[in-house]
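Student: Please take a close look at one part of this model, its pockets. I would like the linings described element by element.

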Amino acid sequence: MPLALAYSADFPAIADTVFILPAGTRELPVTAAADLPEAARQYVATRLQADDKLISVNQYTHHHYYVVAEDKKTADLRTEALRKAGHKLHAQLKADEVAELYICNLTAPGGALALAEGLALTAYQFEGYKTDEKSKKPAVLQQLTLVGPDLSAEQVQELDGVLQGVYLARDLVNMPYSHLNATQLAQQFEQAGEAAGFHVEVLDLVRIEALRMGGLLAVNQGSPEPPTFTIMEYKPEGATNAKPIVLVGKGVVYDTGGLSLKPTPNSMDLMKCDMAGSAVVVGVLTALAKNKVPLHVIGLVPATDNRPGGPALAPGDVITMYSGLTVEVMNTDAEGRLILADALAFAKKYDPQLVLDYATLTGSAVRAIGIEGTVYMGTADEDTMLALKKAGNATHERLVEFPLWDEYADHIKSPIADISNLGKAEAGAISAGKFLERFTEGYPWVHFDIAGPAFLTAPDSYRGKGGTGTAIRSTYEFLKGL
């Protein structure tokens, strides 16, 4: 069970409480030391003088914790430091077997929210499929109660709504193909829509064939499982946008590479995560619906696995896409762009204000900037690109813009079809984006290559290990700003 978040105007005298102190604090404020005996106060003062950032005091009936904020160059970095402090604090709370923690912020407004965010994201655990009693036992820490005049119950509730979107995405990314084929993924979307309050329509193989979605059908050719195409729509009364915003997510539930077979170690064995883009879409819609954000938003997810069986797509094949363009498929492991292209062309029917797509698309993006950020590029105006970057900085889901210069179109030329699905050895993330651009006529568009941060093979602070839910918090921040 994820942590419950609550708001309170004050905290009890005897309660496990963490106080967030301003950067550079050397003496305890009265508010944070009201019930401390003199020896404990002296101990905390000594640790503050030693520049400790996390101090713990065991008062036997309860614990007091002190987190000292860090002085960073920007407000965004100071907020991120508090998220990471929440991660460190979680280990101490676990050791002390704390069930409920009160968070009292004595620094800049928003400090309690940032610390709680880091704590809650660290506390996430994928339930998994173990059968022993120890694995089924719930975590001791169950609730965070945020205290103080600098925030409201509505702000706490909003954070909880966003976290629910992240938890859902992490769960989906962590689920193996044995439990999450394309049909099961669509069923998860239906359940999420029912729980959060948005409409879900799932197109089956027959309807996908009727629409002639050649990219999705071609990738699915080698699979024993049928594809799905899911349309999710959140349209609240009083939506402020006349034209919808469309989110598109890559839903490759498992990727062997097809006939262009991947190597197994550190590659194919991780490919249950290749649907992380689709998890972003449903995670954002969940957060928007839970928090009743007045925006009309549509989510599109083409879903299939990519296998080398039977009549599988072969290198050198030419396929006709939903848009009518022909594609020479030079590598069947460049499949994500094929299914995304059909969805991006389909998005035009909504006459969208903006289209954002998310995909674990290229190893090139990972090699360029690692797991520390997301590559993005597109045809949206500079104000939109800047607003997205600011939202990424605010949530520490940082974005690096790559160009889409005209010359990159040469990378995907084909001698026998309109375009090829494979670019040159250089600028692979860009040629993938340039491929997608051909299917985005008629609306502004931004592509996010989340291949690096979407799934981590080693723990990284509050992002944890496995599915991270990356891009949900930043996209929510951006959309809320609209």
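Tutor: What follows goes through the largest pocket and then the second largest. Keep in mind that the model is predicted.

Start with the largest pocket. Its space comes to about 1700 Å³. The lining counts 46 residues. Nearest the centre of this pocket lie A123, Y124, Q125, F126 and E127. Several helices contribute two or more residues each: α2 (75-96), α3 (111-123), α4 (133-136), α5 (153-174), α6 (182-196) and α9 (276-290). Of the elements, α5 gives the most, with six residues. By class, the lining of the largest pocket holds 20 nonpolar residues, 15 polar ones and 11 charged ones.

Where does the largest pocket lie relative to domain 1 and domain 2? It lies between them, because domain 1 (4-147) and domain 2 (160-480) both give residues to its lining.

Now the second largest pocket. Its volume is about 940 Å³. Here 36 residues form the lining. K262, L361, T362, G363 and S364 are the ones nearest the centre of this pocket. The elements that supply two or more lining residues are the helices α10 (336-347), α11 (363-369) and α13 (428-437), along with the strand β19 (455-456). The top contributor is α11, with four residues. By class, the lining of the second largest pocket divides into 13 nonpolar, 14 polar and nine charged residues.

To recap the leading elements: α5 gives the most to the lining of the largest pocket, and α11 gives the most to that of the second largest.

Definitions and conventions
Residues numbered from 1 in each chain as written. Predicted model: local features only at pLDDT ≥ 70, side-chain atom pairs only at ≥ 80, totals over all residues. Heavy atoms only, no water. 1 Å grid on protein atoms, 1.4 Å probe; cavity = no way out; pocket = protein on both sides within 12 Å on 5 of 7 lines; lining within 4 Å. Points joined across faces, edges and corners; volume = space filled by probe spheres on them. Nonpolar A, V, L, I, M, F, W, Y, C, P; charged D, E, K, R; others polar. Domains from an automatic or database assignment.
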